[in-house]
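Q: Could you take a close look at the aromatic side chains here, and at what else gathers around rings and nonpolar surface? A connected walk-through would be welcome.

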Amino acid sequence: MKQRAFFVLAFTLSLILLFIGPLSAKEIKTLSQFPMSGPVGSLPEFGWGFIDGMNWVNNEGGGVNGKKIKWFLEDMRYSPKVEIANFNKYCAEHSPDEFLIATGYITGGLKPLIDKVNKEQKIPWLDGSYSAEIFGPDGGPIKYPYYYSLGATYGDQLKILLKWIKENYKGKGDPKVGLVYSPTAWGRDGLAEARAYAKKKGINIVAEIEYPYSATSATDECMQLRKAKAQYVIYHGYSGASGCTAIFFKTAKKILKRAQLMGTHYTTGRMPILVAQDAYDGYVGVATRPFCDAVPRAKTPMDNKMVKMAHDFAKKYRPEEYKKGLRGGGIKDMFLYMDGMTYAFLLQKALIEADNAGDLSREGVKKALDNLVWDFNGMFGGKTFSYKSHTIPMLQIFKAQVKLVDYKGKKVPMGAVVPITDWINVDEVKW
Amino acid sequence: MVDFIQALGSGILVGLVYALLGLSIVIIYRASEAFNFAIGEFLVIGSFLFYIFFFDLGLPLLIALPLGLVAAGLVGALVERLTIKPLLGRSPLSMTIITLGLGFFLRACVQLIFGSHSYSFFLELPDITQEYGDLLFLSDPIWAGMLSLCTFGLIIFLLFRTRWGLAIRATSENQAKAMAFGIDARFILLIVWAISAACIAIAGIMISNFGALSSMSAIVGLRAIPVVLIGGMDSIGGALIGGIIVGVCESLAGAYIEPLGLIGFKDVAPYLLLLIVLLIRPYGLFGEVRIERV
Amino acid sequence: MLSIENLRVVYHDVISVLNGISVTVNDGEILIIIGANGAGKTTLLRSVAGMIDFYDGDIIDGDIKMNDESIKGLDATDIMKQFGLTYVIEDRPVFWYLTIEENLGAASFSRWDKKVKTDMEDVYGLFPVLGKLKHRKAGYASGGEQQMLAIGMALMTKPRMLLLDEPSLGLAPIITEELFSIISQLNQTGITIILVEQNAHAALDIGTRGYVMETGRIVLDGNARELLENEDVREFYLGSGKKERKSYRDAKRYKRRKRWL
């Protein structure tokens with residue numbers, strides 16, 4: 001009999017513990033989704049950066065004033081459908097009091113979620129999309145109060161490039177600019193803003209060419225630009241790693257000898273150096289993050305605090321992947337790793353601010369984000385930004401310096417993109 | 001006028017590469033009546049094999065190119081042994097469907113081994129860019145066109161002037177008859193697949209040399225479909241003419257129709273042309289006249 | 001000497017075509033095999049020539065021996081090269097899209113040497129009409145010319161034994177006669193010939209020995225002369241014999257008088 005009583009007691013106790021346990025402490029939950037596989041290829045770097053960042057945040061970083069963040073990470077496979085399904089699942093599984101922030105990475109998922117996020121769930125949503133349609137003048141905080149972007153919109157990026165052209169143009173008459181963009185929602189994003197701005201500034205857009213991803217030759221496109229006598233060519237809406245980028249730069253270098261090639265965020269970085277090699281030399285592009293990965297990696301400038309931190313993290317937590325680099329299973333581009341990390345830091349920062357204000361809820365986090373003024377761990381050379389436009393409005397213009405060097409009897413590209421301006425806060429620019 | 005000549009010229013140069021792709025479809029079609037839908041994947045694999053020899057191992061071009069082609073041929077032969085040979089004597093349709101599945105399988109293999117990012121692909125061929133005033137023909141397409149034409153000529157020589165070519169043509173007509181007269185039809189089929197794979201590899205290398213190589217390059221292989229359908233599925237000369245027609249059609253559409261605002265028309269134009277050709281001549285322009293006996 | 005022992009062949013794993021056949025072929029003779037459609041004559045030749053796999057058939061029992069050496073399971077090309085056995089498949093096995101000269105060339109693929117050209121001339125000597133048409137596509141030649149070409153091609157392989165599958169199919173009687181005289185000429189040069197025929201009369205006229213096949217079995221054998229005079233053969237294959245017409249039921253061939261070898 002005694003034994004039975006003991007079991008009954010133990011059972012009751014464990015039941016009580018099971019129910020009281022979760023009730024006693026409110027958890028902080030976040031959901032992050034990155035395109036780690038799918039049509040763009042295998043990009044586990046996002047996840048690695050995010051996991052390493054989150055682990056640091058919860059341990060060395062001190063969590064949210066001592067409380068740990070219960071974070072969830074999902075691979076949305078570059079598919080809006082998967083992104084939406086994951087989000088719906090987490091919304092249903094976790095109470096709104098605990099599930100405080102969600103993050104996504106693609107424009108495609110933002111659009112169908114507009115009502116769900118902004119009207120139904122009212123959960124702050126951080127996104128990697130730079131879509132001018134959602135974060136630009138036609139969208140923004142008023143229309144989509146819970147959407148936040150982690151970079152300046154493509155409209156702003158194109159405008160900054162046009163502004164740079166106007167300021168640096170030395171010839172007679174109006175500068176002639178050709179636009180080359182991918183026939184996708186991405187490629188067309190921000191073009192309307194750029195056209196209007198060019199008109200206002202007296203910049204002549206002489207050619208607008210849609211150049212498809214599947215292209216095998218860019219000769220026709222470049223001949224059209226040559227015929228239009230374009231002096232500047234802005235290349236927008238492509239991944240720097242894709243073959244069409246290499247084809248375009250290689251062909252343009254030969255046909256458009258005197259034109260200045262320019263581009264937006266995703267073609268400013270490491271991959272174009274690797275695939276387009278010396279054809280990429282002299283390219284001027286705008287980016288929303290500091291350049292973090294030269295070729296070879298040892299030459300990466302470490303004067304930026306965030307860049308240094310990303311490399312330190314990668315060396316410490318992923319030494320093998322860091323060493324492997326481009327070879328299978330390595331960190332191909334530190335930008336991806338660093339971007340995963342920045343999400344972790346931004347989540348922590350927003351939650352700490354909300355906790356400090358004493359309102360650790362979705363509304364509290366939103367308020368904290370709206371009022372956020374931060375230097376993002378020194379990512380923008382010590383400059384601070386405010387998040388009131390719901391985009392991190394920082395941009396920098398870079399110029400590529402690539403040359404081919406002999407290495408073990410082979411010609412390999414070596415180089416980096418170097419900043420030619422200071423960090424520009426587009427919220428403060430006098431257009 | 002200058003524009004027209006420019007478009008025509010670059011169309012012909014690219015068309016010659018398409019012609020080579022068409023040829024590799026045609027010889028397989030003639031030999032086994034199967035349409036090789038895995039052509040895009042063969043193209044990527046062939047180019048990557050060359051990439052390994054030339055860029056990774058750093059061999060000189062004149063050694064790396066034959067090695068790459070031989071390796072591509074071996075892959076073609078292996079594929080034939082594993083997937084086509086067991087189906088010998090069965091319906092050609094089942095072989096065609098096998099190649100479709102094979103395409104998916106090989107694509108996954110390539111992505112698994114090489115990843116899906118682009119590899120830079122700059123062959124340092126001598127610069128033979130031709131520029132006359134406004135006319136400009138870049139070095140790479142000229143090389144591509146020339147090399148493809150040479151390969152085409154070599155294949156025609158092989159088929160029509162050598163004993164092996166005779167055996168290939170005999171086998172292509174009827175495997176049973178060929179076997180009865182002592183031609184090892186199975187081995188000939190193996191050779192045909194190897195030659196086809198090597199031809200596709202040459203086309204792939206030339207196209208990759210326009211800029212970069214990635215698993216996405218497989219799309220180019222699909223241009224062979226309008227080429228062979230316009231030229232005639234079983235006609236070797238038709239592949240050449242079909243290739244040039246498709247190249248020129250694409251280039252003219254790119255130069256004259258796309259600027260009107262019809263973006264992407266370039267990719268559709270060959271298919272429109274194909275539709276017209278098939279309405280007038282269902283066997284394709286140069287489809288061989290069947291010998292019918294009553 | 002070729003000997004086929006108790007051969008059983010099945011198509012697609014289910015259709016039994018040869019149900020235990022034994023045939024011997026002596027060197028230097030013309031062996032005639034006659035039988036109705038579907039009796040398995042072509043299958044027999046395919047099995048001997050090593051082409052049965054190609055048609056998805058299997059030899060499930062028995063053996064084929066050439067001078068006491070088994071050739072069962074060998075490839076068609078190996079059998080041709082090692083044993084000089086050439087099989088001329090039925091219905092004019094020429095390559096329609098090749099010229100007559102190319103056809104001869106293709107047939108000599110397995111033994112390509114310097115003597116090919118002179119051998120070609122020999123074939124043109126045997127069939128002068130081929131020499132005149134040598135640059136014409138074979139598909140445009142007449143039926144008789146095609147059949148001559150087929151035999152010419154077989155000669156290009158330098159055979160010691162020829163397997164001819166219904167060479168007279170679809171030919172005018174006068175051409176058949178010419179063809180058969182050429183076949184017996186070839187036999188006199190030392191080539192053993194196995195001739196499968198529907199035209200039993202003409203075949204038995206030139207043959208030394210003959211077999212009668214029915215539904216995968218040998219039902220009768222003997223000298224050609226004997227067979228020509230055999231009442232049943234005359235009745236069922238030569239269309240002569242007793243004058244009065246028999247009812248169809250009686251014409252059930254050898255069902256009642258089966259004889260096993």
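A: Happily! Let's start with the aromatic cluster in this predicted model: Y211(A), Y213(A), Y235(A), Y238(A), F248(A), F249(A), Y280(A) and Y283(A) together make up one such group. Over all chains, the count reaches 57 aromatic pairs.

One of these pairs deserves a closer look: Y105(A) with Y343(A), whose ring centres are 6.0 Å apart and whose planes meet at 40°, a tilted arrangement. The two partners come from distant parts of the chain, 238 residues apart. Y105(A) sits in the loop between β3 (99–104) and α4 (107–110) of chain A, while Y343(A) belongs to helix α16 (residues 334–356) of chain A. Y105(A) counts as buried because its relative accessibility is 7%, below the 20% cut-off. Y343(A) is buried too, since its relative accessibility is 1%.

Rings also meet charged side chains here. In chain A, K159(A) lies over the face of W431(A), 4.5 Å from the ring centre. In chain C, R46(C) is placed over the face of Y55(C), at 3.6 Å from the ring centre.

Finally, chain B brings us to the surface. There, V268(B), L272(B), L275(B), I276(B), L279(B) and I280(B) form a nonpolar patch, and their accessible area together is about 630 Å². V268(B), one of its members, is found in helix α11 (residues 265–280) of chain B. With a relative accessible area of 41%, V268(B) is partly exposed, and it therefore passes the patch requirement of over 30%.

Note on methods: Residues are numbered from 1 along each chain as its sequence is written. Chains are lettered from A and ligands numbered from 1 in the order in which they are written. This is a predicted model: local features need pLDDT of at least 70, side-chain atom pairs count only at pLDDT 80 or more; totals for chains, interfaces and linings use all residues. Side-chain values use heavy atoms; hydrogens and water are left out. Rings of Phe, Tyr and Trp (its six-membered ring) pair if their centres lie within 6.5 Å; planes under 30 degrees apart count as stacked, over 60 as edge-to-face and the rest as tilted. Helices (H or I, at least four residues) and strands (E, at least two) are DSSP runs, numbered from the N terminus. Buried means under 20% relative accessible area, exposed over 50%, partly exposed in between (1.4 Å probe, protein chains only). A charge sits over a ring if NZ of Lys or CZ of Arg is within 6 Å of the ring centre and within 35 degrees of the ring normal. Patches are made of residues with over 30% relative accessible area and no salt bridge: like charges are joined within 9 Å, nonpolar side chains (Val, Leu, Ile, Met, Phe, Trp, Tyr) within 5 Å. Accessible areas come from the Shrake-Rupley method with a 1.4 Å probe; for residues, only the protein chains shown count as cover. A salt bridge is a side-chain nitrogen of Lys or Arg within 4 Å of a carboxyl oxygen of Asp or Glu.
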